[in-house]
Amino acid sequence: MSARHRDQQANDLSRENERLRQELADKDQQIHRLAEQVSEQQKQIADAQKQIADLERQLALCKQNSTNSSKPPSSDGLAGGPRERGRRKKSRRKAGGQPGHRGAHRPLEPAERVAEIRPLLPEQCQHCGQALPAEIEQVQTTGTVQRHQVTELPPIQARIIEYQCHRVVCPQCGESTRATVPEEALGHFGPQLTALIAYLTVVCRMPRRVVEALLGQVLGIEISLGSTQKCWEEASQAVAAPCQELERQLKDEPVWNVDETGWRTNGAKRFLWAFVAARYVVYTVAATRGSAVLIRLLGAVFQGVLCSDRFSAYLKYHSGQAQFCWAHLKRNLLGIVEFTKHSAVERFCRDALAEHARLFRLWHKFRGGQIDRSQLRLRSIPIQKRIFALAERHLDSPHREVRNLATALFEHNERLFTFLEQEGVEPTNNSAERALRTGVQWRKICFGNCSAEGELATARLLTVAETCNLQRLNILAYLSAAIVCHRRRQQAASLLPR
């Protein structure tokens, strides 16, 4: 090969190498651009996934109600999905009593309660058409009398008592002395009417203006809005001593169920607390939801069993025996399994719910007298072990809700099973939640209080109403007697269980 030919071939190879290097550089730039695009798209996908997760979480929060979260039933409505009521599958049976149902009939009242007897006689014989006597003394009767009772209200009208205070001249000294009005008759409204106004407000949850209208239209009692308020305040003052006595007894009670809900005073945030024992209830309105309220009412250290939800105030205050509410745990589990579409999460929740169902089947057998407490403890041991092991396996779960719930089950394991050992302890905090329901209904009607005195009156009258209800006392009669004692400057009867 000639030198000229070799030089030309070398030049061609050099140009080819240069072209290939240029193509390689172009490919590198293209790969770099594509890598940047992939990185940008991955970032967009990550942002979109995060946004989707946030939207799903917001949607789940909007769909939460009292059956799948710790939200109270009063919050159900437009803000969340409606609660499922009744059977999920419609029954084929018709509404009403079923074949074989014995039925329930109103029993006849005893003779001493019957105010009037009206004998009824047939006007003529059904067989021959002969006219029959119209007087009971003129007829001959046979068989037993068919009794039919009708309960009716007497004519409703106010009973107005006028006290005329005469001035009497003494025959000895010639001076005159005027009689004084009895203490229980001071003011313009008697104890029973004053108690009725408080009853309608607290027990019936009627607004003041509705009470005013009811008294005017039904009883014919013209009363101003301010007078209804004064009657309400007097009823509160009348029961002050019994309520203070109940508060002093708080720290000595062996078991308390406690819960709290929001309240308002002149638009400012307050909290209505309910302390529920076996035979009485104590309410208080406080400016805080913290443990300071528990310290004020139960003392720095409470020796009994405190039953509550897992709110931080109870954890901070009480380090002794406690019972956490299983109903709250169940609702949390239902909420997680309903709004988190992940197999591991669903498996954890369904396993926990299955153990919950087994535990409560045992509890209902104990409540029904089918097993005693020793059998309850013995048969619950495997369930406790499985719940503890399930929680331990999910302490490091990548899902926050599962991890939080597993941590609660693991760290507070002993506080979930106190009801198995202690008499008077329930596995749920339903008694406190039911006690708060009256306050919540009242709050939705009256929108809270306007003063500190109103807060005190609210707490006292709710305490009396719920305590009388637990002890099966006539609330209206107790309030009337308390107002009479108050006007006579005496102390009302105690509400402590005997």
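**A friendly note on salt bridges and T428**

1. E184 and R488 pair up in a salt bridge, with their closest N and O atoms 3.2 Å apart. This contact spans a long stretch of the chain: E184 sits in the loop between β2 and α2, R488 belongs to the segment after α14, and the two are 304 residues apart. Please keep in mind that this is a predicted model.

2. How open are these two partners? E184 is partly exposed, at a relative accessible area of 24%. R488 is also partly exposed, with a value of 36%.

3. A second salt bridge involves the residues next in number: E183 with R489, where the closest N and O atoms are 3.4 Å apart. Again distant parts of the chain are linked, since E183 is in the loop between β2 (176–178) and α2 (191–202) and R489 is in the segment after α14 (475–487), 306 residues apart. Here E183 counts as partly exposed at 33% relative accessibility, whereas R489 is exposed, at 68%. The cut-off for exposed is over 50%, so R489 falls in that class.

4. Next, have a look at E421 and R377, whose side chains meet in a salt bridge at 2.8 Å, N to O. E421 lies in the loop between α11 (400–411) and α12 (430–446), while R377 is part of helix α10 (residues 373–393), so this pair ties together parts that are 44 residues apart in sequence. Both ends are partly exposed: E421 has a relative accessible area of 46%, and R377 one of 29%.

5. There is also a small group to point out: E16, R19 and E23 are joined into one network by salt bridges that share partners. How many salt bridges does the model hold? The count comes to 17.

6. Finally, T428 is worth a visit while you have the structure open. T428 is placed in the loop between α11 and α12, and E421 lies in that loop too. Is T428 buried or exposed? At 15% relative accessibility T428 counts as buried, because the cut-off for that class is under 20%.

7. What does T428 touch? Its side chain makes a polar contact of 3.2 Å with the side chain of N430. Setting aside neighbours within four places in sequence, T428 is in contact with N257, C325, W326, A327 and F360. If you display the residue, these five and N430 are the ones to show beside T428.

Terms used: Residues are numbered from 1 along each chain as its sequence is written. This is a predicted model: local features need pLDDT of at least 70, side-chain atom pairs count only at pLDDT 80 or more; totals for chains, interfaces and linings use all residues. Side-chain values use heavy atoms; hydrogens and water are left out. A salt bridge is a side-chain nitrogen of Lys or Arg within 4 Å of a carboxyl oxygen of Asp or Glu. Helices (H or I, at least four residues) and strands (E, at least two) are DSSP runs, numbered from the N terminus. Buried means under 20% relative accessible area, exposed over 50%, partly exposed in between (1.4 Å probe, protein chains only). A polar contact is a pair of N or O atoms within 3.5 Å; within protein, one must be able to donate a hydrogen and the other to accept it, and residues adjacent in sequence count only if both atoms are side-chain atoms. Contact means heavy atoms within 4.5 Å.
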